[in-house]
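Visitor: I would like to learn how to read helix packing from a model. Can you take me through an example?

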Amino acid sequence: MSALLRLEVIRLLRSPQFLMYLAAFPVGMYLMLVKVLDIGADDPNADPAAVMVSMATYGSLGMALLAAGSIATERHSGWTRQLAITPLTTRAYVIAKTLSGLFVVPLALGLVLLAGAFVGEVRLDALQWIEIIVLVWLAATPFAVLGVTIGYLAAGQAAQGLTVGLYFALAILGGLWWPTSLFPEGLRPFAEASPAYFAGSLGWDAVDGEPVNLTAIGGLAAWTVVFAAIAAWRYKRVAAAG
């Protein structure tokens with residue numbers, strides 16, 4: 001598995017333009033919200049630090065999802081069939097893909113937090129910064145697994161469209177663009193059970209100085225297991241089909 005993980009990381013690092021685009025987009029959105037739209041200036045409930053966390057989470061989840069989502073291309077090239085005849089297990093493959101997606105998450109996460117600290121003038125304790133980095137990074141895990149899952153559920157352009165569509169839908173549903181308090185009452189239970197909401201909750205609670213949200217941790221773990229099970233099932237089906 002270590003060899004595959006190394007190959008995946010090298011492949012990602014050979015596409016710096018792709019990585020910088022993924023990292024720059026949430027930074028641009030954050031700067032637009034706090035500098036152009038002046039979020040928080042007139043609304044005491046719109047905390048600039050919470051907006052920073054939302055955009056950092058948004059960027060991190062997208063980085064993990066899209067970086068891990070190269071499966072459709074690999075299926076077309078025959079790479080999956082080659083892996084099927086190696087000793088590599090399904091579990092090792094899914095883990096390697098997940099870790100490669102998580103490897104590049106700090107790029108998007110770090111850039112948004114730097115923008116928050118130096119442009120947005122967000123001031124937090126050192127422990128809060130560390131907590132946000134660690135928790136949001138780990139919270140991207142189910143999205144990295146989801147990227148693998150999508151690659152085996154769809155192929156070619158369909159996989160790309162499904163990935164981008166789910167990314168935006170889950171980010172909006174999870175309250176990363178607008179607080180779930182603004183949602184219709186009937187939608188809130190679904191929004192607050194989504195993986196993006198659980199991920200955002202960890203960072204928002206860190207900003208507020210709250211203890212680590214164990215419910216969110218459990219929710220993210222559950223989503224990871226669900227996505228991993230689907231990915232493993234589809235991997236076996238695709239490999240068996242040749």
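Guide: We will go through a few helices and one residue of this predicted model.

Visitor: At what angle do helix 7 and helix 8 pack?

Guide: Start with the two axes. Helix 7 covers residues 105–118 and helix 8 covers residues 126–139. They pack at about 150°, with axes 10 Å apart. Angles over 145 degrees count as roughly antiparallel, so helix 7 is roughly antiparallel to helix 8. Their crossing is right-handed.

Visitor: Which residues make the contact of helix 7 and helix 8?

Guide: Take each side in turn. Helix 7 gives V105, P106, L109, L113 and A117. Helix 8 gives W129, I132, I133, V136 and W137. Now the general idea: an α-helix has 3.6 residues a turn, so residues three or four places apart point the same way.

Visitor: How do the residues of that contact divide into nonpolar, polar and charged?

Guide: There are 10 nonpolar residues in the contact of helix 7 with helix 8, no polar and no charged.

Visitor: Next pair. Is helix 8 roughly parallel or roughly antiparallel to helix 9?

Guide: Read the angle again. Helix 8 and helix 9 (residues 141–153) pack at about 25°, with axes 4 Å apart. Angles under 35 degrees count as roughly parallel, so helix 8 is roughly parallel to helix 9. W137, L138 and A139 of helix 8 touch T141, P142 and F143 of helix 9. Here the residues divide into five nonpolar, one polar and no charged.

Visitor: How many residues of helix 9 are buried?

Guide: Buried means under 20% relative accessible area. In helix 9, 12 of the 13 residues are buried, so this helix is largely enclosed by the rest of the structure. Among them are F143, A144, L146, G147 and I150. For length, helix 9 reaches 19 Å from first C-alpha to last, close to the 18 Å expected at 1.5 Å a residue.

Visitor: Which residues is L65 in contact with, leaving aside its neighbours within four places in sequence?

Guide: Look beyond the local sequence. L65 lies in helix 3 (residues 48–67). L65 is in contact with F143, A144, L146, G147, I150, T163 and Y167. L65 is buried, with a relative accessible area of 0%. From L65 to V148 is 83 residues in sequence, but 8.0 Å in space, C-alpha to C-alpha.

Visitor: One last helix. Is helix 12 mostly covered or mostly uncovered?

Guide: Count the buried residues. Helix 12 (residues 195–207) is mostly covered, with 13 of its 13 residues buried. Then check what comes after. Helix 12 is followed by G209, whose phi is positive, near 75°.

How values were computed
Residues numbered from 1 in each chain as written. Predicted model: local features only at pLDDT ≥ 70, side-chain atom pairs only at ≥ 80, totals over all residues. Heavy atoms only, no water. Axes fitted to C-alpha atoms, helices over the stretch in contact; angles between N-to-C directions. Helix = DSSP H or I, 4+ residues; strand = E, 2+ residues; numbered from the N terminus. Parallel < 35°, antiparallel > 145°, perpendicular 65-115°, else oblique. Left-handed = near helix turned anticlockwise from the far one by under 90°. Contact = heavy atoms within 4.5 Å. Nonpolar A, V, L, I, M, F, W, Y, C, P; charged D, E, K, R; others polar. Expected span 1.5 Å × (residues − 1). Buried < 20%, exposed > 50% of the residue type's maximum accessible area, 1.4 Å probe, protein only.
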